[in-house]
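Visitor: I'm new to this structure, and I'd like a close look at a single part of it. Could you take me through the sheet, strand by strand, along with the loops beside it?

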Amino acid sequence: MMGFIPLFLVYILFPAIQATQLTKCEVYQAVEDMDGHQGITALEWTCVIFHSSGFNTEATVRNNGSTEYGLFQISNKHWCKSSEVPESENICGTSCDNFVDDNLTDDKKCAKKILAIKGIDYWLAHKPLCSERLEQWRCKKL
């Protein structure tokens, strides 16, 4: 029974100490300063991020020989440097590891660069899921 109690405490406290899963409101607030950048609204960004990473800052997805990192699912094939793809173009000039932490400054900077070069359709979810009926992504301020 004594072994069960510490394990139980870890289980119930884990969500409280896990800072990688953001809420819709946290994401919306984080991308508000990107609102209107090249015509993309904060609502669209919030939707794209949800469908790309599920609001998880540590999300990594292997995809056809490359890996995509963080909230914006930024690929190591072109945008960031990783040991997995040493020949990456590293257009954003940063390590991919910087996209799987809770500091979103570098993520947003790279996302803006991707947007400028590739457009919003780089994020495949945008057109079918995030181009209309976006009110559900608004964060209501209390």
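Guide: Happy to! One definition before we start: two strands count as paired if DSSP finds at least two bridges between them. Keep in mind, too, that this is a predicted model.

Let's begin with the overall layout. There are 3 strands here, and they form an open sheet in the order β1-β2-β3, with antiparallel pairing. The edge strands are β1 and β3, as each of them pairs on one side only. As background, strands of a sheet pair through backbone hydrogen bonds, and they may run parallel or antiparallel.

Now follow the chain into the sheet. Ahead of β1 (60-63) comes a loop that links it to α3 (42-53), and Phe-55 sits in that loop. Phe-55 has a phi near 65°, which is positive even though the residue is not glycine. That's worth a pause, because most residues other than glycine have a negative phi. Is Phe-55 buried or exposed? With a relative accessible area of 6%, Phe-55 is buried, because the cut-off for buried is under 20%.

Next up is the pairing of β1 with β2. These two are antiparallel and share 4 bridges. If you'd like to trace them, Val-61 has Glu-68 of β2 as its bridge partner, while Asn-63 is matched with Ser-66 of β2. Together β1 and β2 make a hairpin, with 2 residues between the strands. In that turn, Asn-64 has a positive phi of about 50°.

Stay with β2 for a moment and look at where its residues point. Ser-66 and Glu-68 face one way, Thr-67 and Tyr-69 face the other way, and all of them are buried. So two residues you have just met as bridge partners, Ser-66 and Glu-68, point the same way from β2 and are buried.

On to β3. It pairs with β2 in the antiparallel sense, over 2 bridges. Here Tyr-69 stands opposite Ile-74 in β3. β2 and β3 form a hairpin as well, with 4 residues between them, and Gly-70 in the turn has a positive phi of about 75°.

One last stop: Gln-73, in the loop between β2 (66-69) and β3 (74-75). Gln-73 has a positive phi near 50°, and it isn't a glycine either. As for its surroundings, Gln-73 counts as buried because its relative accessibility is 5%, and the cut-off is under 20%.

Notes: Residues are numbered from 1 along each chain as its sequence is written. This is a predicted model: local features need pLDDT of at least 70, side-chain atom pairs count only at pLDDT 80 or more; totals for chains, interfaces and linings use all residues. Side-chain values use heavy atoms; hydrogens and water are left out. Buried means under 20% relative accessible area, exposed over 50%, partly exposed in between (1.4 Å probe, protein chains only).
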